[in-house]
Amino acid sequence: MSQHLAQIALLVRDYDEAIAFFTQKMGFVLVEDTPLTPEKRWVRVCPPGGETCLLLARAAIPEQQAFLGKQGGGRVFLFLHTDDFWRDYHAMRAQGVHFLEEPRHEPYGTVAVFEDLYGNRWDLIQPLQQE
C-alpha cells in the first residue's frame with residue numbers, strides 16, 4: 001500500500017493575488033489553474049521538486065473569510081523543507097516575504113518562521129542530513 005498527501009487546501013482572498021505571492025515571492029510553480037464556474041477555480045501551486053500541492057481555495061462565504069490567515073490557530077501551520085536554507089531565506093526576504101524571527105539552529109536543522117500574504121505561519125526548514 002502506498003499513500004501520500006496530494007494537496008492541502010489553503011484559504012485565499014483572491015486567486016490571482018495568491019498565485020502571484022506563491023509563484024513570485026516564494027518561487028512555487030503554478031501546476032494548475034482550471035475554471036470550474038465563473039466564481040470558482042481549481043488552482044494548485046507546488047514548491048519546485050515537491051509532491052504535495054497547495055490547493056488555493058477562495059474563501060467564498062463570511063464563515064470561510066473569517067479563517068483567512070488563521071488556519072493554524074496562530075501556530076506554525078505549514079512546513080517548507082529546503083535543501084539550501086540560506087538561498088531560499090535570502091530570496092524570499094528579497095521578494096518581501098515577512099519573517100517573524102531571525103534564523104536559528106535547532107537539533108533538527110536550520111529554521112525561521114515566516115508569514116504568507118494572509119498571515120498564516122510557516123517554518124522554512126533545512127533539515128539536518130540523516131546519516
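Here is a short set of questions and answers about the predicted model above.

User: Before we start, what kind of model is this, and how are its residues numbered?

Analyst: This is a predicted model, in which local features need pLDDT of at least 70 and side-chain atom pairs count only at pLDDT 80 or more, while totals for chains, interfaces and linings use all residues. Side-chain values use heavy atoms, leaving out hydrogens and water, and residues are numbered from 1 along each chain as its sequence is written.

User: Let's go inside. How many residues make up the largest nonpolar core, and which element gives the most to this core?

Analyst: A nonpolar core is a set of buried Ala, Val, Leu, Ile, Met, Phe, Trp, Tyr and Cys residues joined through side-chain atoms within 4.5 Å. Buried means under 20% relative accessible area, exposed means over 50%, and partly exposed is in between (1.4 Å probe, protein chains only). Helices (H or I, at least four residues) and strands (E, at least two) are DSSP runs, numbered from the N terminus. The largest nonpolar core has 25 residues, with F22, M26, L54, L56 and W122 having the most contacts inside it, and the element that gives the most to this core, 5 residues, is α1.

User: Which residues of α1 are buried, and why are they on the same side of α1?

Analyst: An α-helix has 3.6 residues a turn, so residues three or four places apart point the same way. In α1, the buried residues pack against β1, β2, β3, β4, β8 and β9. The buried residues of α1 are Y15, A18, I19, F21 and F22. They lie on the same side of α1 because they cover an arc (taken from the directions from the helix axis to the C-beta atoms) of only 160 degrees.

User: L54 has many contacts in the core. Which residues does L54 touch, leaving aside its neighbours within four places in sequence?

Analyst: Contact means heavy atoms within 4.5 Å. L54 is among the residues with the most contacts inside the largest nonpolar core. Leaving aside neighbours within four places in sequence, the residues in contact with L54 are I8, L10, F22, F28, V43, R44, V45, L78 and W122.

User: Why is there no bond between the sulfurs of C46 and C53?

Analyst: A disulfide is a pair of cysteine sulfur atoms within 2.5 Å, and a search of the whole structure finds 0 of them. C46 counts as buried at 5% relative accessibility, and C53 also counts as buried at 5%. The closest cysteine sulfur to that of C46 is in C53, and the two are too far apart for a bond, at 4.0 Å.

User: How do the rings of F22 and F28 meet: stacked, tilted or edge-to-face?

Analyst: Rings of Phe, Tyr and Trp (its six-membered ring) pair if their centres lie within 6.5 Å; planes under 30 degrees apart count as stacked, over 60 as edge-to-face and the rest as tilted. F22 is buried, with a relative accessible area of 0%, and F28 counts as buried at 6%. Their ring centres are 5.6 Å apart and their planes are at 40 degrees, which makes the pair tilted.

User: And what about F85 and W86: stacked, tilted or edge-to-face?

Analyst: F85 is buried at 0% relative accessible area, whereas W86 is partly exposed at 40%. F85 and W86 belong to a cluster linked by ring pairs, along with F21, F22, F28, Y89, F99, F114 and W122. The centres of the two rings are 5.0 Å apart and the planes are at 85 degrees, so the pair is edge-to-face.

User: Now for charges. Which residues are linked with R41 in a network of salt bridges?

Analyst: A salt bridge is a side-chain nitrogen of Lys or Arg within 4 Å of a carboxyl oxygen of Asp or Glu. R41 meets D16 at 3.0 Å, N to O, and R41 also meets D33 at 2.7 Å, N to O. With D16 in helix α1 and R41 in strand β3, their pair ties together parts that are 25 residues apart in sequence. The residues linked with R41 in this network are D16 and D33.

User: Which elements does the salt bridge between E32 and R44 tie together?

Analyst: The side chains of E32 and R44 meet at 3.0 Å, N to O. E32 is partly exposed, with a relative accessible area of 24%. E32 and R44 are 12 residues apart in sequence, and the elements that their pair ties together are strands β2 (residues 29-35) and β3.
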